[in-house]
Each structure stands twice: as C-alpha cells, then as structure tokens.
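Biologist: Please take one part of this model and go through it closely, starting from a strand pairing and working outward to whatever it leads to. One connected account is fine.

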Amino acid sequence: MDRLVVISPAPTANGDLHLGHLAGPFLAADVCTRYARATGREALYGTGMHFTQNYVVAAAERLGVAPEDLRERSSEQVLRTFAAMGVEIDGFGCLGDRFTALVTGFYERLHRRGLLELRTVAFPYLRSTGEYLMDAYVTGGCPFCLAEGCAGICESCGLPIAPGDLIGPRSTARPDEPLEIREVDILVFPVERYRAQLEEYFARTPMRPGMARLIGSALARPLPDFPITQPASWGIPAPFPEVAGQVFYAHMEGMPWSMFTTALGAERRGAVLSSDDELWRSGAGTTVVYFLGLDATYPFAIVGTALLTALGEHVLPAQYLTNEFYELASEKFSTSRGHVVSGRELATEVPRDLIRFHLCATSPEYQRTDFTREALARVGETRLTGPWNRVAAAVDRWVDRGPLPVSAEARRTAKRMVERFADAYELPRFSLTAAASTLAEQLGRLDRLASSVTEGTAGDLCHQVEVFLRCAAPILIDLAAAALPDTMLPGHPDADTVTPKRLPRLSVTAPPKRPNVAFGASNAPNVAFGASNAPNVAFGASNAPNVAFGASNATNATLGRTGPAGATAR
Ligand SMILES: [Zn+2]
C-alpha cells in the first residue's frame, strides 16, 4: 500500500486565514495532494485548527470576546476560506474528546516508559494575576537572534525560547508591571538524548535552504529539553500527579494531532480504522509530508521526530516543505493593523484560478516574497488569461470538425510537457513556483502555436491543449473541471487523434452572482454553515472535509480556565 499523507500544521484559532497563510503552506499542500491523486496515488490532506495556544486567549482579550467564541468563529472562517480558494481538506482536526484522548494516550505511553523527566524551570510570573507567563503572554528579546517577540518559538529565527530566557521579558497584557521569576517543576522531553538519530535523520531528509539553516543552527548547540507540560490553565489537562493542575504544552500536541487529522481524512475517504494512529504505524505504507512555515518547523521536525524515535512505533515524516514569509506590499500581513487581504474576499473579486496561479507564481518557497493587487492583475493577464483565451479561441474554430489527426512530433511534445510538469510537482523537489513558471512557459508556447495554426496542425494544437489542461489542473481547478471529463494524469499524451471541444474562457474578474466559482462547475465549494448550535458546522456535500469538533460542552470542559497551578484566567 502506497499512501501519501500531506499535513499543514493547524493555524491558531485567533482569526481567519489571510493570503500569506494560503501562499505559504496551504495552497502548496492542496496542489501536492491533487497531483498525487491525479497520478493514481492514494493521497489525503490534513489540517485543522489549533485551539489550545494561549494566542487564542490573548487575541480574544484584545477583541473583547470569549476565547471559546473566537475559536469557533475562526474555524468557521477558515473553512469558508479554504472552500472559497478551492483548498480541499480531507481531515480537519480540532479540539474534542477524541483528540484529547489521543494526546493524553500518546504522552502516557512516553511517561510509562520513563521517557519524560521532571525539571525545575524558571518562568516570568505576574503577581497581580497569579499567572506564569509563556508564549503569547510574554515578550522580550530572542536570546539567539535578538529579535523582539514572544516566548515559545521565535518567529524570526525559528528556535525555541523558554520564557525564562527572554531578554528583558515583559507581560504582553501589562507591560509596565514588574515581573518576578519563579521556579516550577514541569515535565520535559530530553531532546538532546536523541541527537545521534536526529543527525542521521536530517542528513537524509531533503530540506529547503531556510530549514537547512534552522536545523544546522539548532544542532550546533545542545538541544534544550522541550516542555511537555505548562503551569497554565488554557489547554488539555495533563494527567500526571507530579505536575498536578498543569496542561499539555500546546506545541507538543503536534504529533498526536498529525495522526488524528490523518485518521479523519482517511475516514472521510471511506477507511475504517482500528486506532487513530493506525496509518502512522511502522509498516502501514504511509509517506508523510509536511508543508509548514519555518516557525512551525522546530516543534514538528526536531521535537516531533525525536518523540517518534523515542516511541519507536511509527513512520518518521519523509519531508518538510517549508516556506518563508509572504508579505503584502512589502510589509508583513497584520490582522490587528488591518494590513491584510483575505483569500475569501479576494475570491469575490477575482476568479480563484487566477489567485491560485498568482500565489503559486509568487510562493515564498525560498525567500520572502510579496503580494500586490497590481501584480495579480498584470501578471494574470499577460501570463494566464490573455494567452489562454487566445488558445481557447483558436481551438474553438475546429470544434465539430474532428476527429483530427495528431502527429508523432506532437505526441512526443505532449509527453515531454507531462514530464516537465512532473519535475515541478513530484516530491521531493515539489515547487509551486516551478509549477507556475512551467504553466506560463507551456501556455506561451501553445499561444505561439495557436497564432499560426493551419488545418494541418490543428490536431496537434488541440491535443497539446488537452494534455496541458490536465497538467495545469492541480492549480487551475475550475478551468480544468469545466473543460475536462476527468483530471487524471497523464491522460492520453500518445493519442493519435483528437476531437476538439469548445473551451471555457478565463476572466480577470469574478462573476458577480457566484463569486467563488469561475465556471459554475462541479468543483464549486458546497459548504453550508449551520447555526451556532452543535454541531457548529454542517457540510452539505461529500466534498466537505471530515471535521471533528467535539460537542461544544465537551470541548469547553476540556479547557478549564482556572486550575490548581495557581494560574487565573486572563
Ligand atoms: Zn530568534
């Protein structure tokens, strides 16, 4: 059994996704999954929503809403954005009883085998609220790269920052109040113990330059113990008596969450599993690939791999395709400052195929890249809609005059085109920018061919256009769905005749009535959101991901807001 599992770490439930998120991991994972499926592989795509990071609480406080409401609202928005952009999710893993049981079971196994250790750790402490500060609650300088930011994982260099190690720590909510440093016993995972296995693993794992730099700099010094529990109240309660009242550190849910979202995705596709980690078990025939930002890489790739190595029961991920920052007009996207473009809103103005193409072409795979509406319009017209519409018009002239003969040379060219696209889509070298540039190159070539087409070459043109559309289908989802009976690859590049069919055109503006759908095709997002009662999200169609929300009562019960650790709700 050969199965590809594609995972993008769940975004924090503190708002909707913006274009930066989409151009980073989420569109890439969608294109990768669609291509794998088109070439006949079993593939599934899992992501979800991260509810337990204290960023949710901090954002809710800023917005003046209850964190529980913010996380439900964020999930709904994110699912709508995925649907609007044609990002097809199989498993959408969120907090709920099943997930809580999986996380707890995962760490109980490590705990039983003595693989977690109790350590005394220093935390900044806010006397007025009785809170230990971590992650979103405390800012200061990164001890490694000196950038200002929160504790947890440094947004700038990607290395873990213990709250007690921040340079000049300040409370995020009460920056003027002096902080004490207090010591607390927490459970940690001693990552350094797995150095030899990690070095061997990363030596054979393909990495983009940003990740190679991060891993190199992490391995250049002793790998710090990574917290498993935290003296906090927002999170999944940890059941270990020596850290009574603490919760699991949100970053440490990543591995069991990955297994959970895989199980949800497989179930949506008809699998019946005997356990939630069944498809991750050694020998299950699963290849796991992550698409993620550099700031999620340390907990997943280093700590996650070390955890799986310690347990010794599961496959290790085959690859991590990392991305750098995607900016808006040369500035970071910022929801709080309103410097943001939402994919959902943009899809009401521009057909999503154009947006998908542009995000692929400018994807921040190797360095920081930039979005502007001006470039979207100009590049979309010159490299995609203009040439495509001329090619479609040329093909239309031969409709009802087929079947037309296809020359041996056109068959060879079509096969070469399939190989050229495969170079961009196939792992381990998968690259959205390479796929988009191949798409534009090949379309430009077909445009030149179309401008001089004759009765003798019409079959060659129509054949190559059909093969081109299949190759472009993982990106141009609506165009392909409207033009092709199926989007399987390679199709029939060696066919010796072709029957031309009328082709849809691409527009630079979305039709007003059905904003998210360029052609009204069967791929249309068919998502119906129900009322606010549980279940919170009701999907109308089989296209919908398998969403696991606990009933809202159960979910709220898992996140106690006060706990015996002495922390109070913010
Ligand atoms: Zn840093």
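**From a strand pair to the domain contact**

Modeller: Strands β17 and β18 are joined by two bridges and run antiparallel. The model is predicted, and what follows should be read as a description of that model. Glu327 has Lys332 of β18 as its bridge partner. The pair belongs to an open sheet of three strands, ordered β18-β17-β19, with mixed pairing. At its edges stand β18 (331-332) and β19 (369-371); each has a single partner strand, so one side of each has no neighbour in the sheet.

Strand β17 also leads to the contact between the domains. The protein is split into domain 1 (3-116 + 191-224 + 228-327 + 531-558) and domain 2 (351-498). Taken over C-alpha atoms, the centres of the two domains are 34 Å apart. Their contact involves 26 residues of domain 1 and 28 residues of domain 2. On the side of domain 1 that touches domain 2, at least two residues come from each of α1, α3 (67-85), β16 (319-323) and β17 (326-328). Helix α1 supplies the largest share of that side, 11 residues. By residue type, the side of domain 1 that touches domain 2 has 17 nonpolar, five polar and four charged residues.

Helix α1 therefore deserves a look of its own, given that it makes up the largest share of that side of domain 1 and that 19 of its 20 residues are buried, so the helix is largely enclosed by the rest of the structure. It spans residues 19-38 and has a kink of about 45° centred on Phe26. Just after α1, Gly40 has a positive phi of about 90°.

The same helix turns up in the core. The largest nonpolar core contains 170 residues, and those with the most contacts inside it are Val6, Leu27, Phe248, Phe357, Cys360, Ala435 and Ile475. Helix α1 gives the most to this core, namely 12 residues. Both domains take part, with at least three residues of the core drawn from each of domain 1 and domain 2. Cys360 serves as an example: apart from its neighbours within four places in sequence, Cys360 is in contact with Leu27, Leu432, Thr433, Ala435, Ala436 and Ile475.

The other strand named at the domain contact, β16, can be followed in turn. Strand β16 runs parallel to β15, and five bridges join the two. Within this pairing Tyr290 stands opposite Tyr320 in β16. Strand β15 (residues 286-293) is mostly covered, with seven of its eight residues buried. Strand β15 also pairs with β1 (residues 3-7), again in the parallel sense and over five bridges. There, Val5 has Val288 of β15 as its bridge partner.

For contrast in the pairing, turn to another open sheet. Four strands form it in the order β5-β4-β11-β12, and the pairing is antiparallel. Its edge strands are β5 (131-132) and β12 (226-227), each pairing on one side only. Strand β4 (residues 117-126) and strand β11 (residues 180-189) run antiparallel and are joined by nine bridges. Ala122 stands opposite Glu183 in β11.

To return to the starting point, β17 pairs with β18 and also supplies at least two residues to the side of domain 1 that touches domain 2.

How values were computed: Residues are numbered from 1 along each chain as its sequence is written. This is a predicted model: local features need pLDDT of at least 70, side-chain atom pairs count only at pLDDT 80 or more; totals for chains, interfaces and linings use all residues. The bend at a residue is the angle between axes fitted to the seven residues ending there and the seven starting there. A residue is buried if 20 or more other C-beta atoms lie within 10 Å of its own, exposed if 12 or fewer, and partly exposed in between; C-beta atoms are placed from the backbone. Domain bounds come from an automatic or database domain assignment. Two residues are in contact if their C-beta atoms, placed from the backbone, lie within 7 Å. Ala, Val, Leu, Ile, Met, Phe, Trp, Tyr, Cys and Pro count as nonpolar, Asp, Glu, Lys and Arg as charged, and the others, Gly among them, as polar. Two strands pair if DSSP finds at least two bridges between them. A nonpolar core is a set of buried Ala, Val, Leu, Ile, Met, Phe, Trp, Tyr and Cys residues joined through C-beta atoms within 7 Å.
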